[in-house]
Amino acid sequence: MSTSNPSEKRSRRRVVGTAAVLTALTATITTLTIRSTAQPSSASAPHDLPNRATSGRPAPHPTVRPNPIDPATRNPAGDAQFRRTAETLQITGTTWDPDDRRGALVRVYDNSHLVAATRASARTHQYGMTAQLGEGAHAIKVVTLNAGPGTAGSRVDGHTTIRIAPPWISAYQGNQAIAARMLARYGWGADEMPPLVRLWTRESNWTTSAYNPSGAYGIPQALPGDKMADAGDDWQTSATTQITWGLRYISEVYGSPSAAWAHEMDQGWY
């Protein structure tokens, strides 16, 4: 049986205890290191937070998608607004084609003729352009072209009809201006307005309530006055209705205001 010095036993116990403490401390540090380098779970991943800033930079502006797109058709969607100043037409709106990353292509047609085109912003999907219009009637249509596999080649964003009167019409006011704007319906131009002015100035002074004891009534002095009911139920008070009837009568009977005025000068009536 061996014997040991009591001081040696105490020294061995201290060595064993120190080793155990070091082993436990190393295991703890290893565990902490593994946990600190592990990836977060899908439940806490940052990708499910939209517009999250990274590397100290601000989040990008979100893309605006103004109209829902039918996934079955993938056709563009948009709108258009119109504003006219003299002969300049301004067209603005918002449109989006899900298959055109450059921005949807928008075109403006005037009486089926292409007059303007542009691309909408790829980010905001807004667009704007101008078109110059001349005298006459203009059927305006704004379309977005389909860049992808949609079921339609284009989508109509908006349409309107604009009529631009010739400059000479602005020289007339009131009821005479109403008549001036109607002359083109019969193929008459500016040269037919002066004889018409003289004719109806002599007949009624362009007054809707002008009455003659013979029974003639209104601006064109229809005889009897209720003949003008063919042009509208408001024939007794509406300058537009009376002028509509009067111009039609002149066209059917004399062919033009100048011919009607010549008859007035020759016979004293028309």
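Start by selecting valine 106 and threonine 118 of strand S5 together, and you will see that the two residues stand opposite each other. Keep in mind throughout that this is a predicted model. Widen the selection to strand S4 (residues 105-110) and to S5, and you will find two antiparallel strands joined by six bridges.

Next, bring in strands S7 and S8, since an open sheet is formed by four strands in the order S5-S4-S7-S8, with antiparallel pairing. Strand S5 (113-119) and strand S8 (154-164) are the edges of this sheet, and because each has a single partner strand, one side of each is left without a neighbour in the sheet. If you turn the view to follow the sheet across, the twist from one strand to the next averages 20 degrees. As background, the strands of a sheet pair through backbone hydrogen bonds, in either a parallel or an antiparallel way.

Now move to alanine 86, which you will find in the loop between strand S2 (81-85) and strand S3 (88-96). Alanine 86 is not a glycine, yet its phi is positive, at about 55 degrees. Is this residue buried or exposed? Alanine 86 is exposed, with a relative accessible area of 57%.

For a second residue with a positive phi, select tryptophan 206, where the angle is about 60 degrees although this residue, too, is not a glycine. Tryptophan 206 is found in the loop between H3 and H4, and with a relative accessible area of 7% it counts as buried, the cut-off for that word being under 20%.

Stay in the loop between helix H3 (193-204) and helix H4 (239-253), and select proline 224, which also lies there. Show the backbone from leucine 223 to proline 224, and you will see that the peptide bond joining them is cis, with omega near -10 degrees.

Finally, go to helix H5 (residues 257-267) and colour its buried residues, which are Pro257, Ala260, Trp261 and Glu264. Looking along the axis, you will see that they cover an arc of only 100 degrees around it, and therefore lie on the same side of H5. What do the buried residues of H5 pack against? Display H3 and H4 as well, for these are the helices against which the buried residues of H5 pack. The last stop is glycine 268, just after H5, where phi is positive at about 90 degrees.

Note on methods:
Residues are numbered from 1 along each chain as its sequence is written. This is a predicted model: local features need pLDDT of at least 70, side-chain atom pairs count only at pLDDT 80 or more; totals for chains, interfaces and linings use all residues. Side-chain values use heavy atoms; hydrogens and water are left out. Buried means under 20% relative accessible area, exposed over 50%, partly exposed in between (1.4 Å probe, protein chains only). The arc is that of the directions from the helix axis to the C-beta atoms. Contact means heavy atoms within 4.5 Å. Two strands pair if DSSP finds at least two bridges between them. Axes are lines fitted to C-alpha atoms, for helices over the stretch in contact, and angles run from 0 to 180 degrees between N-to-C directions.
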